[in-house]
Amino acid sequence: MKLLENVPLLKQLEIINRLNFFNEFTLSERQVLLESFSHLYLVHEKHHAFKRFELDNRLFIILSGEFIIFKKSQLLELGRVGPGEFIGEGAFICHKEHSTSAKALKDSILLAITPEAMTRLPNVIREKVKDKIIEGMSARISTLSNFIEDNI
């Protein structure tokens, strides 16, 4: 992953304004999040955002691109995630190593938030991020439940 520096704030805002993840955030809340509490990373096609068993507790929100999620082998795909979705939430929440790997299917841009930055966010922004994480995890549980039900 390559840290993207010197990306104009206006360009960053333009990117996140397109994503459902940030629908509930005001313009000023988006600006605070981008300016003070996050970093942008470029992950080139066929490179990993993280690998299974790595200890990296950042939450990654996908701004562009697509990732395949897998446990042991890329041939056993657990899922794909794209813009507006997030990865790394298990390690972020539990402060443990990653249980899966995430590999870019095309050049991708990630917004990374550390647990430490999350605690420093203004309450209203922190709660909105938490709500979006809960909403996303709930959708994943529902999808998995349907998959299990359809395949048993």
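Here is a short back-and-forth about a predicted model of a protein.

Student: How many helices and strands does the protein have?
Tutor: Walk along the sequence and you get β-α-α-β-β-β-β-β-β-α-β-β-α-α. Counting each kind of element gives 5 helices and 9 strands.

Student: What radius of gyration does the protein have, set against a compact globule of 152 residues?
Tutor: Start with the box: along the principal axes, the C-alpha atoms fill roughly 45 × 30 × 30 Å. A compact globule with 152 residues would come out near 15 Å, and the protein agrees with that, at 15 Å.

Student: Among contacts between residues at least 6 apart in sequence, what share joins residues at least 24 apart?
Tutor: Some background on packing first: 42% of the 152 residues count as buried. As for the contacts between residues at least 6 apart, the share that joins residues at least 24 apart is 76%.

Student: Which elements give two or more residues to the largest nonpolar core?
Tutor: That core has 24 residues, and Phe22, Leu33, Ile61, Leu63, Leu111, Leu121 and Val129 have the most contacts inside it. The elements that give two or more residues are helix H1 (9-16), helix H2 (27-36), strand S4 (59-64), strand S9 (108-113), helix H4 (115-120) and helix H5 (123-150).

Student: And how many residues are in the other core, the one with Val43?
Tutor: This core lies apart from the largest one. Its members include Val43, Phe67, Ile69 and Ala112. Its residue count is 14.

Student: Which residues is Leu111 in contact with, leaving aside neighbours within four places in sequence?
Tutor: Leu111 is one of the residues with the most contacts inside the largest core. Once those sequence neighbours are left aside, its partners are Phe22, Leu34, Ser38, His39, Leu40, Leu59, Phe60, Ile61 and Leu63.

Student: Is Phe147 buried or exposed?
Tutor: Phe147 is found in helix H5, and with Leu144, Ile148 and Ile152 it forms a nonpolar patch on the surface, with about 490 Å² of accessible area together. The cut-off for the top class is over 50% relative accessible area. Phe147 has 53%, so the call is exposed.

Student: Where does the salt bridge between Glu89 and Arg140 sit in the chain?
Tutor: The closest N and O atoms of Glu89 and Arg140 are 2.6 Å apart. Glu89 counts as buried at 14% relative accessibility, while Arg140 counts as partly exposed at 25%. The two are 51 residues apart and link distant parts of the chain: Glu89 in helix H3 (residues 89-94), Arg140 in helix H5.

Student: Are Asp56 and Arg58 buried or exposed?
Tutor: Their side chains meet in a salt bridge, at 2.7 Å from N to O. As for accessibility, Asp56 and Arg58 are both buried.

Student: What separates Glu127 and Lys130 along helix H5?
Tutor: They form a salt bridge, with the closest N and O atoms 3.7 Å apart. Glu127 is partly exposed at 38% relative accessibility, and Lys130 is partly exposed at 36%. Because they are 3 residues apart in helix H5, the separation is about one helical turn.

Student: Which residues do salt bridges with shared partners join into one network?
Tutor: A search of the whole structure finds 8 salt bridges. Those that share partners make one network, made up of Lys11, Glu14 and Arg18.

Notes
Residues numbered from 1 in each chain as written. Predicted model: local features only at pLDDT ≥ 70, side-chain atom pairs only at ≥ 80, totals over all residues. Heavy atoms only, no water. Core = buried A, V, L, I, M, F, W, Y, C linked by side-chain atoms within 4.5 Å. Buried < 20%, exposed > 50% of the residue type's maximum accessible area, 1.4 Å probe, protein only. Helix = DSSP H or I, 4+ residues; strand = E, 2+ residues; numbered from the N terminus. Contact = heavy atoms within 4.5 Å. Patch = residues over 30% accessible without salt bridge, like charges linked within 9 Å, V, L, I, M, F, W, Y side chains within 5 Å. Areas by Shrake-Rupley, 256 points an atom, 1.4 Å probe, with all protein chains shown as cover. Salt bridge = Lys/Arg side-chain N within 4 Å of Asp/Glu carboxyl O. Rg over C-alpha atoms; globule rule 2.2 N^0.38 Å.
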